[in-house]
Amino acid sequence: MPTTFLHTADWQLGKPFARVADATKRNRLQDERIECLKRIGALAEKEGADFILVAGDLFDSPTPLNSTVARACEAIGAMKVPVLVIPGNHDHGGPGSLWEQPFFVRQKEQLAPNLQVLLDPVPVVLGKAVIFPAPLLRRQSLGDPCAWIRSAFDAPEFPTDLPRIVLAHGSVQGFDSAQDDEDEESKGLNRIDLSRLPDTEIDFIALGDWHGTKEVGPKALYSGTPEIDRFPKGETNSPGNVLIVKAERGGSPQVQQVETGRFRWHVLEHRFSEDSGFDEFVSETKEAIGQWGQDCLLKISLDGSLGIETSSRLENWLSDLETRLLRVKLENRVAIAPTAEEIAALARRPDDPLISSVASRLIALTQGQNPDVALLALRELHAALH
Amino acid sequence: MRLISLTVRNYRLHREQTVHFHPERQLIGGPNETGKSTLAEAVHRALFMRHRSAGEALNEMKSDIHNGHPEVNLVFEAQGRRWTLDKRFSGANGTARLMSDEGANFQGDAAEEKLSELTQNAEGTATTVKQLGTRWSHLWVWQGSSGEDPSQQTANLRDQLVQRLQAQGLAAVMQSATDERAREKIRSLYDVIYTEKGAVKANSRLDRANKEFASAHEAHDRAVDTQARLEAAVTALEEAEVDQREANAALPGEREKLKVTEEAIARAKVLEQQKEAHELRAEQATKTREEIETADTEIRGLSERIRILENDLCPKRSDLESLALQERAALEDSGKARDEARQVADKVRAARLQDELAVATITLMEKQEQLEALIRKENDIRQNTEELHQLQDDLAKLPAVSPEDLAELKSLESGIGEKQAALNAIAAGIECVATDLTVDLDGKTLAPGETCVITEAKDLRVGGGTLLRIRPGGGATLGKLICELDSLRSRLNLELDRLTIRSVTEATDVVTRRRDLEQQISNKEATLKAMGAAKLPAELQSARNQLNISEEEVKRRTEGIAEELRPARPTTVEEARAHREKTDRTVSETVDQEQTLSAIAEARHERWTGQKTLLNHAEGELRAAIKEVDELTMRSGLLERKYGLAEARSAALENARLAEKTAQDTLSATQRDLDELRPNLLEGERQRLIQVIAALDAKRIDAGNRRARAEAQLDQDGTRDPAAEVLRARAAMASALEVKDREQRHADGIRLLHKLFSDSQSAINEGLTQPIADRVAGYLEFLFGRGVRVRVDLSDPGKPGIQLIKPGEPPFGFESLSGGTKEQVSAAVRLATAEIIAAAYDGCLPILFDDAFAYADPARVQSLQSMLYHAASKGLQVIVLTCTPADYTGLGAGVHRLTNQPRLPSLAANPASETPGSGTSSASPAPLAEAQPLPDDAESQFMEALQAQGGSAGNQTLRSLLGWDENSYDQVKTSLITQNLIAPGRGRGGSVILIGQA
């Protein structure tokens, strides 16, 4: 009978979502990460999981707020199975770490007795599996946190018939969670070398750090974060899931991906070649947002150029979106390019010599090396006349 | 539009006053308080004040001294017509009538409307003083306002100016209302962001964005710092733990090492002490062995030495004996030689004695001879001396008559002879040839035959009764001669007596005799001197003494020689000398002998001395050898007593060597033990270990402290999440930067727009103001010369400006100009503006200056007149009100004069001035009626008028200026010519010239 467990990671509880200016929206984003744990608990119960493995980054910070800690323990305590956690790079262990803080210890004891934080690189024997944890004891570790596992099977002091599961957090060749997070810098550390783990001795490798669900070996998978916390990069990235794993000693694991995320993170790119493109862009955004804009986050990259009038309309539309959506991340590289009509309306005014003169000079400046200020000035002049 | 005439009635101090305006240039002159400004005001109010105005405006016009409502009658040209305007200001009852020369007639408000049309007064006629102030303010320069900046008024005329300039094709453009709105909007946007000086306004959106960014940046830095400190604390904690672990692990080992080292040190100390004891024993054993060895060696050496010394003693003794014999023989030889030498020395002495006696004998005999010679010489001298004494005695016996005495005597005798002869020649001789009577001459009886010469009167008594007084001839001479003769005789006798001679003859003999004797004495004395008489006694004494000495010496030497050997005394010197040669030879011979024998004796003595030394030396050596043998023997005995004889010594030495070896072996063993402990390194090692332990202790304690500190830092209260705060701060900073950049771009755009608006407007304004500036410069050239320029800025209606630019000087703003220059520049601007606008008024506008050049100096006033003349030539009607009309003679203006007693009412009634059309041709008032009397100050007026004409004027001109009839004019003229103040001049109709100006 195979052992069933949930593989999840990167809960990133307490993530500040600092780029979201609106406090209410920010709180919604943060709260949803706690809400998601209920969905995981329910799934575990439903699937009859023996335990839940969290492969690092349970918290977003090594110094989470007490309130976050308390809510997390509460949510974990509500899960009816043991929850095994290793510290990741965001909530690393080590001297003085949060895992040693009296508050956490108290909360864990009081609210989440089923929570087991694995701080030492030693095999942990459960009723139906042996766990080989690779906890991160510092944010950036130069060595392979799984190195100790290479020799862990030389003289085993654990039941040999139980499935052996490696629980680790870090990057494998080509994958690095920091690459797609706007708040992080990739340093290529905490590197796990899967090729050096004794393949036949291990039955499953539960990985954390990469926020999309990703299979990186026959037995090695990143579960990804259960609730999306960043704009996806590339089509293969598939966040917002947990994995249901069935494993046994010497067998191939069976893995099922279950979606748990609520908020939708979309990416839109558009290039304006003429003013009529604006309406097209509006349609695209509406399509992406759908009916429920308040659960949607949008990353918009804009390029090309628009006339003065249309660029003002674009600004208004973007401003509307920003209000409606949970978040709009905007990369607006749209240049103002006055149309021929706009130029004529400003610079050819025989009755208004002053305006004509100013507009003509501005238009001349837009042909120069640094046209931005002149273009903005043209727009202001345009606005002053309407 | 041109003014032709003005008449006011009941207007302030004017009962009635009429002014006829010169078509181009009018001067209204008069002292203060004569109502000049009132006339300026009257024209202005006629044109611009509603006839039914009341209140302050009306009250100002009313007269305190004249009854009736103020009335103004103004005749002017406008729109090609001549107009007559009558206004009576009496509040609600005021009237207005405007009539044209073509018969148009407007009453009341219609008149006002028409008037406003003619004056192009868009605001209509005013009802208040305040409203009045804005009407034609550019043309009416009120008293006291001439120095005001005219640019505001010019700016108010912008529209008119633009129209006129455009009409003149001067390319002036006018911004539109839209332009203005846009400009205002941009300006207001600019003002929201920037201050007047272009700095970002405090609390503007840009300023706030900048500050928020700065604040966000700071917050970010703080958050990062906090996070970094937290991370540093983690690292510090890790390091502290490692340090603590390392120190705790290392300490026991190091302490054990220290214990071992200290034990080794104690053991080394014991060994060191043992080693010292062993060393001492070994040293003593060695010393004992060496002592025995040394004694043994010494004893053997002593024995050998004694044996050698004793062997040497025998030959030394026999050598000594031989040497003693040789010494004695040498001593004897030496004695013999010395005796022989002594004997010869005695011989030498005897020979010397003989020789010395011979020499002394010779000397004695020579001395004797010398003495005898001296005695002979003594006898000679004595004889000569006696002879000398004889001669000296002879001389002494003779009277001491000198040749001089003799000459004196002879002279006296000769004088006596002469005198006697002369006396005889004159004396009377009495010879008693025979007598019977007693002839008595002066008492002396004169015997017959007796003669007597008388040389003086003498009584010759003959008998008893005859007394004859005989007087010789010669009178007094005789007496004198007798006296002189007596004197001479007396002197001769005295001299003879003194010389103790009797006569002159004797005297002559004595002198001769004395000379002989003296000669002889002298010769004798010379002889004696040559013989050395003086030193002879000394020589004699010396010779005698030497003789005695020689005799004594001979005696002594003789006695020194044995009697038998004494030689016979020689009898002669030659004998003595021969003897002496013999003795001398004997001496030489014996001396040679003595020297030879002495040398032999000396040599023998030296030989003996050498033998003696050898002997002494040999004796010394022998004694020393014997002594050494004795000493060595004694020392050997002592040593043998101490160390025993040879066998005993040998046994003792063997024992000592054994003991020494044993001690050395023990010492070596101890040293080996000690060396194994390496005692020289032990203390260093101990110190090192103490330091290591101290350092480890310190490290352990320090690590503990660091750990506690780090733990305290890491002990979070859970109310803050530094990592999240960093992210939030970073996001806030990025957001603030975005806002800042956006605001900055917006501000930059607005600033650019604002600048472009300002620049463009400046360009437009320049198009407008340049023609004005050019004209103003044209006027100012009269004042400041060529090259002067003016900048007129009307771009900002709220802040127009004028700048004066003189060649080579920086621009001066109007406000920085001097009072006089302000007035003049202001006038130039007004003239230029009026000139442009005048085009809309048929090419003419009146411009009035009321006492407007108060600050101008006389030279400048002259230039001003040229400027005003120029303005008039451009179509303006220039009206100047001044209290010094004489200053403006160069203007060539029509002159209207006011006095303090404005009592020429006939002028006001002059119908000619009101005749339509007449004003354009003549500005001169009508002549006075013939019947009118001349004013009191007629002569002054005449002079002023003439002065105003530059000191020379035609009679016609001057008379018309004065407004007098011909009679009056001639009357005053004649009077002034009589007073020699003016002179008649030439020209048509005649002229007059100011005296001094001709």
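Q: Buried means under 20% relative accessible area, exposed over 50% and partly exposed in between (1.4 Å probe, protein chains only); what makes A:Glu201 partly exposed?

A: The relative accessible area of A:Glu201 is 26%. This value falls between the 20% and 50% limits, so A:Glu201 is called partly exposed. The model is predicted, so local features need pLDDT of at least 70 and side-chain atom pairs count only at pLDDT 80 or more, whereas totals for chains, interfaces and linings use all residues. Residues are numbered from 1 along each chain as its sequence is written, chains are lettered from A and ligands numbered from 1 in the order in which they are written, and side-chain values use heavy atoms, with hydrogens and water left out.

Q: Why is A:Arg164 said to be buried?

A: Its relative accessibility is 4%. That is under the 20% limit, and A:Arg164 therefore counts as buried.

Q: What makes the pair of A:Arg164 and A:Glu201 a salt bridge?

A: A salt bridge requires a side-chain nitrogen of Lys or Arg within 4 Å of a carboxyl oxygen of Asp or Glu. The closest N and O atoms of A:Arg164 and A:Glu201 are 2.5 Å apart, so the pair satisfies the rule. The two residues belong to distant parts of the chain, 37 residues apart: A:Arg164 is in strand E7 (residues 164-169) of chain A, and A:Glu201 is in the loop between E7 and strand E8 (204-208) of chain A. Helices (H or I, at least four residues) and strands (E, at least two) are DSSP runs, numbered from the N terminus.

Q: How do you know that A:Lys80 and A:Glu45 form a salt bridge?

A: The N to O distance between their side chains is 3.8 Å, which is within the 4 Å limit, so the pair qualifies. A:Lys80 lies in the loop between helix H2 (66-78) and strand E3 (83-85) of chain A, and A:Glu45 in helix H1 (residues 23-47) of chain A, 35 residues apart. Both A:Lys80 and A:Glu45 are exposed.

Q: Why can B:Arg289 and B:Glu660 be said to tie together parts that are apart in sequence?

A: The closest N and O atoms of B:Arg289 and B:Glu660 are 2.8 Å apart, and the two form a salt bridge. B:Arg289 lies in helix H8 (residues 205-397) of chain B and B:Glu660 in helix H14 (residues 646-677) of chain B, so the pair joins parts 371 residues apart in sequence. Both B:Arg289 and B:Glu660 are buried. Elsewhere, A:Arg28, A:Glu32, A:Arg39, A:Glu227, A:Arg262 and A:Asp295 are joined into one network by salt bridges that share partners. Over all chains the structure holds 88 salt bridges.

Q: What makes A:Gly94 buried, and which residues is A:Gly94 in contact with?

A: The relative accessible area of A:Gly94 is 13%, under the 20% limit, so A:Gly94 is called buried. The residue lies in the loop between E3 and helix H3 (102-111) of chain A. Contact means heavy atoms within 4.5 Å; apart from neighbours within four places in sequence, A:Gly94 is in contact with A:Glu100 and A:Leu137. The C-alpha atoms of A:Gly94 and A:Leu137, which are 43 residues apart along the chain, are separated by 4.5 Å.

Q: How do you know that B:Gln865 is buried?

A: Its relative accessibility is 1%, and B:Gln865 therefore meets the limit of under 20%. B:Gln865 is in helix H18 (residues 858-873) of chain B. Not counting residues up to four places away in sequence, B:Gln865 touches B:Asp887, B:Tyr888, B:Thr889, B:Gly890 and B:Leu891. Its side chain reaches the backbone nitrogen of B:Leu891 at 2.8 Å.

Q: What makes B:Asp759 and A:Arg361 a salt bridge?

A: Their closest N and O atoms are 3.7 Å apart, within the 4 Å limit, so the rule accepts the pair. Across the interface of chain A and chain B, one salt bridge is found. Helix H7 (353-366) and helix H8 (372-384) of chain A each supply at least two residues of the side of chain A that touches chain B.

Q: How many residues of chain A are in contact with chain B, and what area is buried between the two?

A: In chain A, 39 residues are in contact with 45 residues of chain B. Buried area is the accessible area (1.4 Å probe) that two parts lose on being put together, summed over both; between chain A and chain B this is about 3400 Å², with 66% given by carbon and sulfur atoms. A:Thr63, A:Pro95 and A:Leu354 supply 19% of the area that chain A buries against chain B, more than any other three residues.

Conventions: A polar contact is a pair of N or O atoms within 3.5 Å; within protein, one must be able to donate a hydrogen and the other to accept it, and residues adjacent in sequence count only if both atoms are side-chain atoms.
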